[in-house]
Amino acid sequence: MDKSHPLLSHQYSIASRLSDKFESAVVITDKSSGSESSKNLTIIDLEFSNLPKFLKLFTLIKTSVKVVFRYKPQVVFYHMVDLHAAILSPFFKILGVRQVLWYAHAHKSWKLNCAMYFVDFLVTSTSGSFPKVSARKQKKLRIIGQAIDSLEFPLAWKERGEFTHAVSVGRLDQIGRAHV
């Protein structure tokens, strides 16, 4: 949630646009650039990058409990934080708060196994970006595809005319749905 981060600054834009769809939205993060909160978006920076693991865990739980009692959320969305989901999902399940875990790795960790038991939905981009799971857990899985926010990448180079040669650096394959 750091607006000044060269790679992850888009996260604030996404959170801000999503918050327009809710009366209130809260983002709990471990790094922000300060005063990004708006009328219906609250960003809570855990500020625990230099803490020992035990204190990070304690800070996460304490902050989450405060958020629940202050904001009374109807849904919790975990983005690529299977450890956080494993720790917090039993608490939210007891309170009846719906939970969604976005996870896009083929690796199946003990943290993911634990979280899968408590969350209501598992979301991933492609079938190849999520580990094989039992039929019962498969019912929770939603595969939604991949997307790029074209507003974040205006592609000014298109105005320069037609290109005849291209170089790709990175992965182009069926899992990434890069159809040629």
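A residue is called buried here if its relative accessible area is under 20%, exposed if over 50%, and partly exposed in between, with a 1.4 Å probe and protein chains only. Phe-130, at 4%, is buried by that cut-off. The model is a predicted one, in which local features need pLDDT of at least 70 and side-chain atom pairs count only at pLDDT 80 or more, while totals for chains, interfaces and linings use all residues. Numbering starts from 1 along each chain as its sequence is written, and side-chain values rest on heavy atoms, with hydrogens and water left out.

On the overall layout, the protein has five helices and six strands, taken as DSSP runs numbered from the N terminus (helices H or I, at least four residues; strands E, at least two). Their order from the N terminus is α-β-β-α-β-α-β-α-β-α-β. Of the 180 residues, 30% count as buried. The accessible surface comes to about 12,700 Å², with 59% of it belonging to carbon and sulfur atoms; these areas come from the Shrake-Rupley method with a 1.4 Å probe, and for residues only the protein chains shown count as cover. As for contacts (heavy atoms within 4.5 Å), 39% of those between residues at least 6 apart in sequence join residues at least 24 apart.

Back to the rings. Three aromatic pairs turn up in a search of the whole structure. Rings of Phe, Tyr and Trp (its six-membered ring) pair if their centres lie within 6.5 Å, and planes under 30 degrees apart count as stacked, over 60 as edge-to-face and the rest as tilted. One of the pairs is Tyr-103 with Phe-130, edge-to-face at 5.9 Å centre to centre and 85 degrees between the planes. This pair ties together distant parts of the chain, 27 residues apart: Tyr-103 sits in the loop between β4 (98-102) and α4 (110-118), and Phe-130 in the loop between β5 (121-124) and α5 (135-138). Like its partner, Tyr-103 is buried, at 4% relative accessibility. Tyr-117 and Phe-118 also pair edge-to-face, because their ring centres are 4.9 Å apart and their planes stand at 85 degrees.

Phe-48 has a charge for company: Lys-56 lies over its face, 5.8 Å from the ring centre. The criterion is NZ of Lys or CZ of Arg within 6 Å of the ring centre and within 35 degrees of the ring normal. Phe-48 and Lys-56 also help line the second largest pocket, along with Lys-53, Leu-57, Leu-60, Leu-83, His-84 and Ile-87. Helices α2 (53-71) and α3 (82-94) each supply at least two lining residues, with α2 giving the most, four.

Two non-glycine residues show positive phi. Glu-47, with phi of about 50 degrees, lies in the loop between β2 (41-45) and α2 and is exposed at 63% relative accessible area. Met-80 has phi near 55 degrees; its place is in the loop between β3 (75-79) and α3, and it is partly exposed at 27%.

Finally, Ala-25 belongs to strand β1 (residues 25-29) and is buried, with a relative accessible area of 18%. Leaving aside neighbours within four places in sequence, Ala-25 is in contact with Ser-19, Asn-40, Leu-41 and Thr-42. Its C-alpha atom is separated by 9.8 Å from that of Ser-38, 13 residues apart along the chain.

Note on methods. On a 1 Å grid over the protein atoms alone, a cavity is a set of points where a 1.4 Å probe fits but cannot get out, and a pocket is an open set with protein on both sides within 12 Å along at least five of seven lines; lining residues have an atom within 4 Å of a point.
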